[in-house]
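Work through the exercises below with the sequence and the 3D view open. Try each task before reading its solution.

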Amino acid sequence: MTAPPLRLPDALTALRNQLTAVPLGLATADRDDARRAARAVADQIDDYLLPRLRDLDAPLLTVVGGSTGAGKSTLVNSLVGAQVTTAGVLRPTTRGPVLVCSRADVSSFSGDRVLPGLPRVTGSAGGPGTVQLVARDDVPPGLALLDAPDVDSVVESNRELAGQLLAAADLWVFVTTAARYADAVPWDLLRTAQERGTALAVVLDRVPPEAAGEVAADLAGMLERAGLAGARLFVIEERPLTEGRLPEDQVAPLRSWLHGLAADQEARAAVVRQTLTGALGSLEQRVT
């Protein structure tokens, strides 16, 4: 008698178990790459696919990622309107990521529903291997912002964690600057987003006002040629900070878009569906 087909969560769990059980001990030239690839798929199954399939209506996890010095933490603080994460040179290289959500959504992120391998801390900065959970009244229900480590950090574990967090996101907000938007590291990750069908917004930060139109058009053209014409592009001009935060007129368009997603269940579901479908569709190529 033919066995009944596995439900999707059961099939993903079986795949994860197979990936973690394969020893990959033979000393070949590409062994380390194969191990990293297997671990990345297993992590995404645990951190994103299984949790999202179990709760399709859970808040939208928006991971803010980018290169060193791109202004990720300043952007998160500016979106929230308060200092919730440490920015700039004051940030320790071993700091854990910071997840900011509405008080109404704390239960969605305080347990092991997402990122089960990273314990939560509250009330103080998290250390390596933890996620600092910050609950705010000024973050709307349905939206969570996660300030990820630098994707090009000098600390290897930070780089690996940044990749893991991006793979756990419903939506990437990728931050780059006018001086570095053509660098190789950002484009490696943007290509990964394209290959996996991940919902994506790009923030072009620190743009000289007189060059904003020209630089934005150049980046938009690069995104289109990379198959990412659907990515939302937000431009933030280089202006003096106020109490460590970006001028309101510069951050308001991105905040309004994110808050609109939080308030619109259909729009939020479309983002989740895009990323979930893309992640599932990428598995065959990544494990063969």
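The exercises cover the domain interface and then two single residues in this predicted model.

**Exercise 1. Locate the two domains and state how far apart their C-alpha centres lie.**

Step 1. Take the bounds from the domain assignment. Domain 1 spans 8-53, and domain 2 spans 58-278.
Step 2. Take the C-alpha centre of each domain. The two centres lie 25 Å apart.
Step 3. Count the residues in the contact. Domain 1 supplies 10 residues and domain 2 supplies 17.

**Exercise 2. Give the area that domain 1 and domain 2 bury between them, and find which residues of domain 1 lose the most.**

Step 1. Recall the usual yardstick. Interface size is often given as the accessible area lost when the parts come together.
Step 2. Apply it here. Domain 1 and domain 2 bury about 1100 Å² between them.
Step 3. Split by atom type. Carbon and sulfur atoms carry 49% of that area.
Step 4. Look at the domain 1 side. Asp47, Tyr48 and Arg52 lose the most area to domain 2. Together they make up 59% of what that side buries.

**Exercise 3. Describe the polar and charged character of the interface between domain 1 and domain 2.**

Step 1. Count salt bridges. There are two between the domains.
Step 2. Check a pair by its position. Arg39 falls within the domain 1 bounds, 8-53, and Glu160 within those of domain 2, 58-278. Their side chains meet in a salt bridge at 3.8 Å, N to O. The cut-off is 4 Å, so the pair qualifies.
Step 3. Count polar contacts. Six residue pairs are found across the interface, both residues of each pair being at pLDDT 80 or more.
Step 4. Sort the domain 1 side by class. The residues touching domain 2 are four nonpolar, one polar and five charged.

**Exercise 4. Is Ser282 buried or exposed, and what does it touch?**

Step 1. Place the residue. Ser282 sits in helix α9, residues 265-287.
Step 2. Read its accessibility. Ser282 is buried because its relative accessibility is 7%, and the cut-off for buried is under 20%.
Step 3. Find a side-chain partner. The Ser282 side chain makes a polar contact with that of Arg286, at 3.2 Å.
Step 4. Set aside neighbours within four places in sequence. Ser282 then contacts Glu195 and Arg196.

**Exercise 5. Map the surroundings of Glu237.**

Step 1. Place the residue. Glu237 belongs to strand β8, residues 232-237.
Step 2. Find a side-chain partner. The side chains of Glu237 and Arg239 make a polar contact at 2.7 Å.
Step 3. Leave out residues up to four places away in sequence. Glu237 then touches Val207, Pro209, Ala212 and Gln250.

Technical notes
Residues are numbered from 1 along each chain as its sequence is written. This is a predicted model: local features need pLDDT of at least 70, side-chain atom pairs count only at pLDDT 80 or more; totals for chains, interfaces and linings use all residues. Side-chain values use heavy atoms; hydrogens and water are left out. Domain bounds come from an automatic or database domain assignment. Contact means heavy atoms within 4.5 Å. Buried area is the accessible area (1.4 Å probe) that two parts lose on being put together, summed over both. A polar contact is a pair of N or O atoms within 3.5 Å; within protein, one must be able to donate a hydrogen and the other to accept it, and residues adjacent in sequence count only if both atoms are side-chain atoms. Ala, Val, Leu, Ile, Met, Phe, Trp, Tyr, Cys and Pro count as nonpolar, Asp, Glu, Lys and Arg as charged, and the others, Gly among them, as polar. Helices (H or I, at least four residues) and strands (E, at least two) are DSSP runs, numbered from the N terminus. Buried means under 20% relative accessible area, exposed over 50%, partly exposed in between (1.4 Å probe, protein chains only).
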